[in-house]
Structure formats: structure tokens, C-alpha cells
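Hello,

I am handing over a structure for you to look through. Please open it first, then read my notes below.

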Amino acid sequence: MADIQDVQVPDVGGDAVEVIELCVAVGDTVAQEDSLITVESDKASMDIPSPGAGTITEITVAIGDKVNEGSVIVKLAVEASAEAEQSAAPQQAAPAPEPQAPEKAPAQPVEQSTSDLEAFPPSVVGVEIVEVRVPDIGTEDEVDVIEVLVRPGDNVLQEDGLITVETDKATMDVPSSAPGVVKEVIVKNGDKVKQGSLILMLEVCHTEEVNVVVPTTTIDTKVVAPKAKGPVGVPSEAPVPFHPMARATARDTVYSSPSVRRVAREFGVDMTKVTGTGRKKRILKEDVQAYVKYELSRPKATAAANTSGGGGGLQLIAQPKVDFAKFGEIEQTPLTRIQKISGPNLHRNWVTIPHVTQFEEADITDVEAFRKEQNEAGKKQKLDVKITPLVFIMKALAKSLEAFPVFNSSLHEDGEHLVMKKYIHIGIAVDTPKGLVVPVVRDVNKKGIYDLSRELMELSAKARDGKLKAQDMQGGCMTISSLGGIGGTAFTPIVNAPEVAILGVSKSEIKPKWDGAAFQPRLMLPLSLSYDHRVIDGALAAKFAVHLGGIMSDIRKLIL
Amino acid sequence: MSDIKTQVVVLGAGPGGYSAAFRAADLGLDVVLVESRATLGGVCLNVGCIPSKALLHVAKVIDDAKAMASHGVTFGEPQIDLDKIRGWKESVVNQLTGGLTGMAKARKVTTVNGYGKFTGSNTIAVEGADGTTTITFDQAIVAAGSEPVSLPFIPEDPRIFDSTGALELADVPGEMLVLGGGIIGLEMGTVYSALGSNVSVVEFLDQLVPAADKDVVRVYNTFNKKRFNIMLSTKVVAVEAKEDGLYVTFEGKKAPAEPVRYDKILVAVGRTPNGKKVDAEKAGVTVTDRGFIEVDSQLRTNVNHIFAIGDVVGQPMLAHKAVHEAHVAAEVISGMKHFFDPKCIPSIAYTDPEIAWVGLTEREAKEQGLNFEVAKFPWAASGRAIASARTEGMTKMIFDKDNGRVIGGAIVGINAGEMLGEIGLAIEMGADAEDIGLTIHAHPTLNESIGLACEVFEGSITDLPNAKAKKKK
């Protein structure tokens with residue numbers, strides 16, 4: 001039973017656009033996100049992706065046509081209603097990875113495409129432009145805007161950072177008060193703002209019941225494909241750390257007794273950010289305590305707090321003060337925002353984790369030959385993706401984590417247990433102009449080489465553009481830091497706590513290897529495995545490294 | 001002439017001042033308490049809340065005895081012995097102020113008698129009977145209170161007094177005018193009318209007890225039609241003191257055409273803070289034009305080591321507010337990170353019937369544009385009120401319509417003040433109508449009217465016709 005869906009032009013950020021290319025023909029089978037047509041506006045050209053997998057039954061536009069948001073492009077036959085449901089679901093979910101914070105995108109066509117009104121849940125009641133202003137930032141003074149984190153057209157979720165401001169004490173992100181689409185950014189870098197200053201205009205839609213799913217069993221159901229700018233299909237099952245703030249709504253007045261309010265004030269807790277677990281969501285003393293505990297467990301966002309004075313009970317002498325200008329010309333540049341955040345974390349990890357680094361070399365002669373072969377073949381098939389060596393390392397690492405589950409663990413805060421993880425998410429350290437970030441690829445063990453390659457490309461692009469969201473960087477089990485593209489023979493990476501191990505990758509080199517009869521030129525990849533010695537013994541680490549190297553030298557082991 | 005060094009000095013020994021001093025002492029601090037009166041307790045204990053309640057008790061028994069006649073018990077005309085009434089009132093005051101002196105001693109709080117004024121950022125000079133005492137302090141709490149407002153156009157005359165004078169109970173005038181229809185004026189008016197005076201009340205605004213809701217005060221007005229001659233939206237423009245009486249000229253809605261003669265006039269038009277009387281500016285403390293000292297939510301003035309509490313920091317000028325502020329100030333001084341953070345402060349007029357309210361009034365809820373709903377329980381449906389022959393009362397609850405939480409409440413009726421605590425607790429705890437409605441209130445009580453008003457809101461009321469009942473087809 002195939003459902004026919006109309007695929008419409010999503011929000012293309014402007015007026016009518018011209019169709020300049022048709023990427024599909026009638027009868028073509030397309031996968032979700034495959035390009036259907038290319039359109040060109042006065043600013044840019046873009047591909048319109050398919051909202052789901054299916055077969056093209058009709059193309060309703062031709063090259064040169066002008067289309068609007070909501071115009072029907074093609075009719076798509078979706079294989080079965082079960083699949084239709086699957087393909088419809090991401091359309092609902094894609095713009096809003098968190099169901100409680102739906103973004104605006106799905107509602108937009110409502111405004112402009114009256115003929116397709118029935119395609120939308122009637123509960124989407126409208127769109128509203130709201131002003132987002134600087135909230136209480138703990139000071140009445142003006143503060144500097146040091147970074148504008150969003151641009152017009154960006155989708156933001158509630159609590160996503162909009163701008164970064166710097167006071168004399170700290171830098172902080174000013175979060176969005178609501179989910180929506182940025183219409184206009186009023187402030188710019190270097191501006192001075194204070195409480196109440198207008199930051200930007202946000203287009204918010206009332207989509208309280210947007211999860212009412214478009215019917216999928218009826219023939220001829222019209223479905224639009226709102227193209228989210230963010231990643232499509234973020235696995236909803238991915239564990240994202242719970243934050244007590246997540247469920248608080250600003251409108252609610254504080255619901256708690258005087259004694260609880262007193263405790264909150266003693267700790268300086270903003271009660272509007274505490275989630276009540278009592279009857280009718282009353283905030284209990286325990287809720288305030290849990291909130292404080294959670295906040296204290298978070299690293300502080302200032303590098304200065306931890307670089308001097310020797311925190312964590314370390315009895316260190318202060319750094320000597322040096323007047324560098326005595327020795328020659330100097331210039332002072334600020335640490336980047338990422339450096340300020342990651343610095344204290346790295347420092348804590350380096351001083352609190354007893355590190356050992358195990359070195360190993362993997363013979364990647366065969367896998368490199370295979371990889372190049374596949375890329376050549378891919379080029380001929382016009383595949384949009386190139387396989388990099390890193391993807392094989394990720395797969396091999398995932399396989400090794402399955403074999404050595406203790407590497408996929410974290411020390412429990414009670415110091416008496418290990419938290420063993422049943423999932424395999426791998427962090428990839430990415431060097432960006434603004435500093436080091438570690439986006440996380442989820443469920444590496446369940447994904448194929450091409451999927452991983454695509455995902456890695458997307459994540460790297462987001463990382464370089466500074467578009468990574470907090471949840472893109474959470475939940476990692478083990479991290480890979482690859483400097484292979486640059487050079488070097490080995491290095492000692494710092495474990496990215498609460499992970500217990502990190503894999504450093506250096507530049508591969510052809511070396512003479514004795515095969516029992518003669519020296520053979522083999523391509524050797526240097527691996528540096530740093531691990532937390534509290535959790536992992538040296539012997540186990542050596543076995544892990546050998547196992548990993550073994551897989552890399554013969555990737556057939558991946559399917560064993 | 002003597003010098004004292006102390007950690008904490010408290011200026012003023014009213015409910016705020018002594019509470020601050022005692023709390024600070026209990027937290028281990030050296031405390032000096034400065035008071036200009038011979039006794040501790042301030043206006044409240046000496047010439048305010050407490051003596052007025054003693055006299056109101058007298059008034060109530062007189063009125064109750066009279067009312068018994070219609071239920072078959074007739075008492076003779078009361079014989080009024082003013083000296084004895086006054087003596088009894090004073091014994092009440094002495095018992096309480098004496099108790100305070102004992103508690104101060106037990107806590108090793110040093111009391112210095114005399115009017116204290118700042119002479120610098122860490123010094124206070126107290127002018128007392130034995131000369132000047134200089135107190136050097138680390139931290140200070142200003143609890144200098146307030147005094148009755150006097151009107152410029154009213155002549156100096158022994159027949160014109162404020163609440164303090166009224167409490168002295170010199171005589172029972174034949175014709176008495178109460179200038180100001182607020183709580184203090186009505187309480188004293190009640191006392192004098194029970195003792196036999198003809199009492200007129202003149203109020204500039206269009207409502208007695210202007211802070212309370214109109215419908216609540218209407219109940220009071222109806223019940224007191226015979227007791228008082230009430231002139232609303234009317235003001236006094238001139239008072240001429242003649243030998244045979246005080247001739248008062250009125251202007252406004254209910255103004256008599258000719259000047260009216262009164263034997264005595266009680267001026268009860270409000271109270272003004274004493275912020276300007278303690279030379280606070282010499283310590284660097286900012287005092288507003290009107291005499292208030294501004295403080296933050298920890299009761300700290302603009303000078304870091306000087307705190308202020310009670311009437312002198314602002315409305316409402318109520319003893320119970322001052323006491324809570326006092327505790328916070330003392331605790332902050334002792335190093336605790338406490339804040340004055342109440343959701344509501346109750347107000348009570350101890351009149352007959354009593355008028356009591358807490359939290360938001362309906363008017364305030366309207367002004368704030370809240371989504372609220374009012375539920376009332378008229379005491380005509382209360383068994384206890386009927387059995388007490390006092391069915392004029394009403395219990396009124398105000399709820400946030402979004403979540404049913406109590407945001408305000410008012411009670412008018414006998415013992416209203418004693419019942420208000422439940423509503424205040426409900427507001428502080430964030431209780432909703434269902435919480436109170438499901439709390440079993442004893443029957444028959446006046447107090448159950450609070451639970452029943454919540455049932456009115458919930459639509460579960462059975463003691464009244466239920467407007468929210470399902471409609472039968």
C-alpha cells in the first residue's frame with residue numbers, strides 16, 4: 001500500500017525562487033534528504049531535499065518555473081504506510097529535536113500556502129514576532145557583547161545561546177527565551193548592553209500541539225518538507241544529560257514554601273530554574289539541594305578561576321609574574337571563548353586523572369588500499385562522499401570497545417562503581433579557528449562506513465562554523481584525537497573525563513617490516529592510547545591497543 | 001557621661017527593635033538597645049496595638065451584653081469607672097513591657113534610656129536623664145518607628161488628640177469626631193462609642209479602611225450604620241476651638257452645611273516615619289524626603305554596616321512586619337545569608353466586626369491584570385455565625401484561575417483576625433483551592449467558612465446553591 005505525498009518547497013527564506021535544475025526523474029527512487037530540485041534565489045542556489053524515502057511518481061515543476069514556499073514540487077510514493085509514518089516522523093521531529101521545544105519551521109507554509117492548509121495540524125495557530133531582551137544578568141552595569149552566536153534565519157531552541165556577553169567577572173551566554181527563528185539581530189560584537197536591551201527579533205509560532213501527526217494512512221496526504229538547518233534525524237534515544245532547568249517555564253511563579261525559598265536564597269539559587277518534584281510540582285528543599293549539587297558539579301566557565309591558586313586541594317605556588325615587555329615587544333590577545341571553557345576542564349582532567357599512554361603501530365597498508373579503491377569507485381558513481389581513514393579508525397575503535405567494555409565506562413561519583421555503557425558514541429576532537437571542540441558521533445557500532453563519513457563531514461562543517469549545539473558534544477564514550485593530517489610520530493592526549501580513555505592518532509609512514517623472510521614496505525599508523533589508570537590496567541590497555549591495531553591491519557575483522 | 005562599645009546597637013525598642021536586639025543576642029552578639037521611652041515595647045505595646053485591644057475588649061463585652069437583651073437576657077446599664085478601665089489597660093501594658101525588660105536582662109542585652117542619634121558612621125549619642133552616653137558600634141539597626149501625622153490647619157488644643165491621647169481615656173466626650181476612617185480611627189471610635197460617645201467619622205476617600213476591598217468594607221458599614229455617623233468623600237477644612245466646643249467646617253459629598261460642634265476630635269490620618277529624627281545622614285545613611293530609610297531585601301541601608309527595619313523602612317507600618325524584618329537583619333549581621341522574602345503580610349482592623357485581609361485584594365488583582373477568580377462564603381449560611389447572632393460576616397477568597405492557587409483572602413466578621421492565619425499560610429505554601437477545600441475544617445466553626453469558600457471556587461459546595469453544579473436538561 002503506497003501513499004502518495006506531495007512534496008512542497010520548504011521555507012527558502014525569501015520570495016519566489018527559480019527552478020534551475022531537476023535532480024530526479026519520474027520513477028527514480030530517492031532516499032530521505034536526497035536532492036529533488038535545485039532552486040536559485042537572488043542570493044544563492046540551494047537543493048531541495050526529499051522529506052522521505054520513496055519513488056517519484058510525478059514532477060510538477062519544470063526548469064525555469066518560479067516556485068514559492070509551499071509550491072508542490074513532486075509527488076512521492078512512499079512504500080508502505082509504516083514507512084510513511086517513519087518518513088513523516090522525522091519531518092515532525094527534524095526541526096525540533098526536543099519535542100517540548102518545537103521550532104518554527106513547520107508552521108511557516110501555513111501563512112503563505114492557504115491551499116495546503118489541511119496539511120497542517122489545525123492547532124498551529126500562528127506566528128508571532130517577539131523581542132528578545134537581555135535578562136537579569138546579575139549586574140546593572142553595561143556589559144560587552146563579545147560574540148553574536150546566531151544569524152538571521154537560524155533556528156534556535158529555548159535556552160540556546162544567542163549572544164555572549166562579558167562582565168568584569170565572567171562571560172556568559174544569553175539564552176533564547178523561546179524556540180523560534182531569528183528574524184533580525186539588533187546587537188553586534190562590541191556593543192554594550194544591559195538588562196532590558198533588545199538583542200534580536202525572534203519569530204515564534206504557537207505550536208503547542210504540533211506533535212499531532214499529519215495523517216499518514218490517507219492517500220493523497222500532503223506533506224511538506226521543512227528543511228531544518230540543523231542535523232536531520234538526531235537520534236532521539238541518545239542520552240543527553242539531564243539539566244534541572246530544562247523543564248522550567250519562565251511564566252510560572254515560584255511554587256514553594258518559605259523555608260525552601262530561604263534555602264534557595266542562601267545558595268543564590270534562581271528558583272525559576274529549579275524543577276519541583278513535590279505534589280503539583282512544588283519545589284521541595286531536596287530539589288534546591290539537587291540543583292545546587294548539579295550546578296557545583298559543572299565546570300566554571302572562567303579559565304581564571306582555576307589557573308591560579310591551585311584548586312582541587314593542590315598545594316601549588318602561584319605562577320611568577322613576568323613582565324614580558326622587558327624582553328621585547330608583546331601584544332595581549334584574549335583567550336577564545338572555547339579556550340576559556342575547555343581550559344579548566346583540561347586542567348582538571350590532567351591533574352586528577354592518573355594518565356598512562358600506550359603506544360602502538362597499526363599496519364594500515366591494506367585498509368588504505370581498500371579505501372582508495374572505494375573512493376575511486378565512488379567517484380565514478382558520483383557519490384557525494386569520500387571515505388577518510390578516520391572512519392575506519394572509528395569503526396575499529398567501536399569494535400574494540402565492544403571487546404573491552406571497561407574502556408566504555410566512567411567512574412561513578414561514589415568512587416566505588418563503574419558506569420558501564422551499552423552504547424558506543426565516539427567523540428572526535430576537531431580543530432577549529434576558535435579552538436578545540438569535540439562533537440560526538442552516536443552509535444558508531446551500528447552505522448556503516450558511508451553513513452559515518454557523511455555524518456563526520458556534517459559535524460566537522462558545523463564545528464568549523466561554530467554551529468555545534470551542546471547536545472552535539474555530549475554523551476561521548478571515548479574520544480579520538482587525530483593529528484595524522486599534520487604530522488608527528490606520537491603524543492600523549494589528555495583523557496576527556498568522564499571518559500576513561502582517548503585515542504591519539506599520528507601521521508602514518510611507510511616503514512620496513514620483517515615478514516619472516518624479508519623486509520616489506522608497510523604503511524604504519526602510530527596510535528597513542530591514553531587511559532585512566534584507576535580504571536584500566538596497563539596489561540589491558542596493551543591488549544586493547546593490539547586488538548585495535550589488529551582490526552586496522554585487517555578490516556575483515558570488523559565483521560567477525 | 002559614659003562610653004559603651006558594642007558589636008550591635010539597635011535604635012528603638014518597639015516590636016522591631018527588641019526583636020532585632022534579642023535575636024542578635026541569641027546569635028551570640030553583644031547588643032545595646034536604645035529606647036527613648038521608660039519602658040520597652042515601643043508604640044505597639046505602650047500606646048498602640050496592645051492598649052487599644054484592652055479597651056476594645058471592654059467595648060466588646062459592653063456591646064455583647066447589650067445585644068443579649070434580644071435573646072432573652074437583659075443586663076442593667078453598665079456602670080463605667082474610667083479610672084479602673086484605665087488601670088486595667090495599664091496593667092496589661094505593664095505586664096508585657098515588664099516581661100520584655102526581664103527578657104532583655106536574661107539575654108544580657110544592655111538597654112540605654114534616652115533619644116539616640118547618630119554622630120558618625122560608627123557612633124551614636126544617647127541623650128538621657130543621666131547625661132549623654134556615647135555608643136561605638138560595629139553594626140547598627142535603626143528601628144526608630146513612626147508617629148501620628150498631625151494636620152497643619154488643626155489648632156493646638158487639649159480637646160484634640162491623636163491615638164496616644166485617645167488611649168489615655170481622660171473622659172467620655174458626648175460628641176466626638178474621628179478624623180480619618182482607617183484602622184486606628186475606627187478602633188478608637190468603637191471604644192468611645194461603646195463607652196457612650198456619639199461618634200462621627202470623616203474620611204476623605206470614598207471608603208472606610210481604603211486598603212481593603214469595597215465589598216468587604218460594605219459589610220462593616222451596614223453593620224455600623226447606627227454606631228457611627230459616617231461621612232465619606234468629605235474633608236475637614238477648618239477647626240475653630242471655642243470655649244463650648246470645637247467647631248468643625250467640612251467640605252465634600254456628605255459635608256453638613258454649617259460648622260458642627262464636637263467635644264473632642266481624634267486625628268487619625270496616618271503615621272509618618274521617624275527617619276529624619278535620628279541624624280542618620282551623619283552616618284551616611286540616605287533618608288528620603290518623607291522620612292523613610294531605604295533598604296535592600298536584607299534590610300541593609302546604603303551604608304553597609306547599618307540596617308533599618310519596621311515602620312521607618314516603609315509600608316505597611318505593622319508590628320508583625322517589623323518583627324520579621326528584625327530577625328532577618330539580626331541574622332544577616334550574624335553572618336547568615338537570609339532575606340526578607342514574604343509573599344504576603346496580613347492586615348487586621350480590630351473593629352466590630354473585624355476586617356482582616358492578606359495577600360492580594362480583588363482590586364490589586366484587577367490592577368495587576370491577573371487571571372483570577374473570587375469565591376465568597378456569606379456567613380448567613382454558617383451555623384456558628386447564626387448561633388452567635390452575627391451573620392453579617394463574609395469570607396472571601398481570591399484564586400489564580402490558571403492553577404487554583406490562593407493569592408489573597410479577606411474576612412469580615414467577628415474573630416476574623418484570628419482566622420486569617422490559615423489564608424496567609426496557604427499563600428506562603430502555594431496551596432490551592434483544592435488543598436484547602438480537602439482539609440477538614442471543624443464544624444461548626446467560623447473558620448470552616450474558609451474551606452467552604454474554596455469549595456465554592458471548586459464547585460463542590462453543598463452548604464450554598466452551587467453555581468458550578470451540572471445543569472440538568
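Chain A has 10 helices and 28 strands. This is a predicted model, so please read everything here as computed from that prediction. Of the 560 residues in chain A, 42% are buried. I also looked at contacts in chain A between residues at least 6 apart in sequence; 64% of these join residues at least 24 apart.

**Where the chains meet**

Chain A brings 16 residues to the contact, and chain B brings 17 residues. The area buried between chain A and chain B is about 1400 Å². Carbon and sulfur atoms give 35% of that area. On the side of chain A, start with three arginines: Arg261(A), Arg262(A) and Arg265(A). They lose the most area to chain B, and together they make up 40% of what the chain A side buries.

Charge shows up in the counts too. There are eight salt bridges between chain A and chain B. By class, the side of chain A that touches chain B has eight charged residues, four polar and four nonpolar. One salt bridge to look at pairs Lys280(A) with Asp432(B), at 2.6 Å from N to O. The interface also holds 10 residue pairs in polar contact, with both residues at pLDDT 80 or more.

**Salt bridges within the chains**

Over all chains, the search finds 49 salt bridges. Three pairs and one network are worth a visit.

Begin in chain A with Arg371(A) and Glu368(A). Their closest N and O atoms are 2.7 Å apart. Both residues sit in helix H7, residues 365–380. They are three residues apart, about one turn of the helix. Arg371(A) and Glu368(A) are both buried.

Next, go to Arg454(A) and Asp384(A). This salt bridge has its closest N and O atoms 3.5 Å apart. It links distant parts of the chain, with the two positions 70 residues apart in numbering. Arg454(A) is in helix H9, residues 449–464. Asp384(A) is in the loop between H7 and helix H8, the latter covering 389–403. Are these two residues buried or exposed? Arg454(A) has 31% relative accessibility, so it counts as partly exposed. Asp384(A) has 56%, so it counts as exposed.

Now move to chain B. Asp352(B) and Arg227(B) form a salt bridge at 3.5 Å, N to O. They are 125 residues apart, and the pair links distant parts of the chain. Asp352(B) lies in the loop between strand S18 (347–349) and strand S19 (354–359). Arg227(B) lies in the loop between helix H7 (214–223) and strand S11 (228–231) of chain B. Both Asp352(B) and Arg227(B) are buried.

Chain B also has a network of salt bridges. It links Asp213(B), Asp215(B), Glu362(B), Lys366(B), Lys376(B) and Lys396(B).

**Backbone points to check**

Most residues other than glycine have a negative phi, and most peptide bonds are trans. Here are some exceptions.

Asp352(B) comes up again: a cis peptide bond joins Asp352(B) to Pro353(B), with omega about -5°. Pro353(B) is in the loop between S18 and S19 of chain B. Another cis peptide bond joins His443(B) and Pro444(B), and its omega is also about -5°. Look for Pro444(B) in the loop between helix H12 (433–438) and helix H13 (448–458) of chain B.

Which residues have a positive phi without being glycine? Asp443(A) is one of them, with phi near 50°. It lies in the loop between strand S24 (440–441) and H9 of chain A. Its relative accessibility is 10%, so Asp443(A) counts as buried. Ser233(B) is another, with a positive phi of about 50°. Ser233(B) is in the loop between S11 and strand S12 (234–242) of chain B. At 23% relative accessible area, Ser233(B) is partly exposed.

**Cysteines**

How many disulfides are there over all chains? The count is zero. Two cysteines of chain B can still be placed by burial. Cys44(B) is buried, with a relative accessible area of 12%. Cys454(B) is buried as well, at 0% relative accessibility.

Best wishes

Technical notes:
Residues are numbered from 1 along each chain as its sequence is written. Chains are lettered from A and ligands numbered from 1 in the order in which they are written. This is a predicted model: local features need pLDDT of at least 70, side-chain atom pairs count only at pLDDT 80 or more; totals for chains, interfaces and linings use all residues. Side-chain values use heavy atoms; hydrogens and water are left out. Contact means heavy atoms within 4.5 Å. Buried area is the accessible area (1.4 Å probe) that two parts lose on being put together, summed over both. A salt bridge is a side-chain nitrogen of Lys or Arg within 4 Å of a carboxyl oxygen of Asp or Glu. A polar contact is a pair of N or O atoms within 3.5 Å; within protein, one must be able to donate a hydrogen and the other to accept it, and residues adjacent in sequence count only if both atoms are side-chain atoms. Ala, Val, Leu, Ile, Met, Phe, Trp, Tyr, Cys and Pro count as nonpolar, Asp, Glu, Lys and Arg as charged, and the others, Gly among them, as polar. A disulfide is a pair of cysteine sulfur atoms within 2.5 Å. Buried means under 20% relative accessible area, exposed over 50%, partly exposed in between (1.4 Å probe, protein chains only). Helices (H or I, at least four residues) and strands (E, at least two) are DSSP runs, numbered from the N terminus.
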